[in-house]
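Work through the exercises below with the model open beside you, and try each task before you read its solution.

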Amino acid sequence: MSDTASERTILLLNGPNLNMLGRRQPEIYGHQTLADIEDAVRVAAAERGWSLVAVQSNHEGVLIDTIQEYGWNASGIIINPGAWTHYSIAIRDALATVPATVIEVHLSNVAAREAFRHHSVIAPIARGSVIGLGWRGYLLALNWLMDEHSA
Ligand code: DHK
């Protein structure tokens, strides 16, 4: 395992179908593309001297490999696991293995949607969750992590 990231690095992870943001049900997920969001988070991090590693994948193992590669040295992980939120014990176990502080983000208010979206297997191992605040939720998570790890 390589120790690729370092302190003052945040890992931004997005799961399946989030590469379709901007075109995917914009009334639910917003009009911003994933590139827009990653750029905004990267700029906000850089303004405070932080680095961002951003990875999106539709393949569960890719996200697990990324967590294992970067999660030991990054200060924090911001993750929107997409549908894996609701059933991926493997993603949960990977996040619980590494010392980085985990924040779960959802663009939509999952509590107000279908019942199968109400339960998160990730939430119990996350430090906190930002839900239903759209793309700005990623920025809120970023700023909280930078504050927390600058103290
Ligand atoms: C994104 C998804 O892809 C869904 O599977 C989740 C989440 C909700 C979101 O709101 O960002 O249920």
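Contact here means heavy atoms within 4.5 Å. Keep in mind throughout that this is a predicted model.

**Exercise 1.** Find which residues I78 touches, and place I78 in its core.

Solution. Leaving out residues up to four places away in sequence, I78 touches I10, L11, L12, L13, I103, V105, Y138, A141, L142 and L145. Next, turn to the largest nonpolar core, which has 23 residues, and where V41, I78, Y138 and L142 touch the most other members. The elements that each give two or more residues to this core are β1 (9–14), α2 (34–47), β4 (101–106) and α5 (136–150), and the largest share, six residues, comes from α5. Finally, a second, separate core holds 19 residues, including L11, W84, L95 and A126.

**Exercise 2.** Describe the salt bridge between R42 and D39, and state how the two residues are placed in helix α2.

Solution. The closest N and O atoms of R42 and D39 are 3.9 Å apart, which falls within the 4 Å cut-off for a salt bridge. Because they are three residues apart in helix α2, R42 and D39 are separated by about one helical turn. R42 is partly exposed, at 35% relative accessible area, and D39 is also partly exposed, at 44%.

**Exercise 3.** Decide whether R117 and its partner E114 are buried or partly exposed.

Solution. Start with the pair itself: R117 forms a salt bridge with E114, and their closest N and O atoms are 2.7 Å apart. R117 has a relative accessible area of 15%, so R117 is buried, whereas E114, at 36%, counts as partly exposed. Both belong to a network of salt bridges that links R113, E114 and R117.

Notes: Residues are numbered from 1 along each chain as its sequence is written. This is a predicted model: local features need pLDDT of at least 70, side-chain atom pairs count only at pLDDT 80 or more; totals for chains, interfaces and linings use all residues. Side-chain values use heavy atoms; hydrogens and water are left out. A nonpolar core is a set of buried Ala, Val, Leu, Ile, Met, Phe, Trp, Tyr and Cys residues joined through side-chain atoms within 4.5 Å. Buried means under 20% relative accessible area, exposed over 50%, partly exposed in between (1.4 Å probe, protein chains only). Helices (H or I, at least four residues) and strands (E, at least two) are DSSP runs, numbered from the N terminus. A salt bridge is a side-chain nitrogen of Lys or Arg within 4 Å of a carboxyl oxygen of Asp or Glu.
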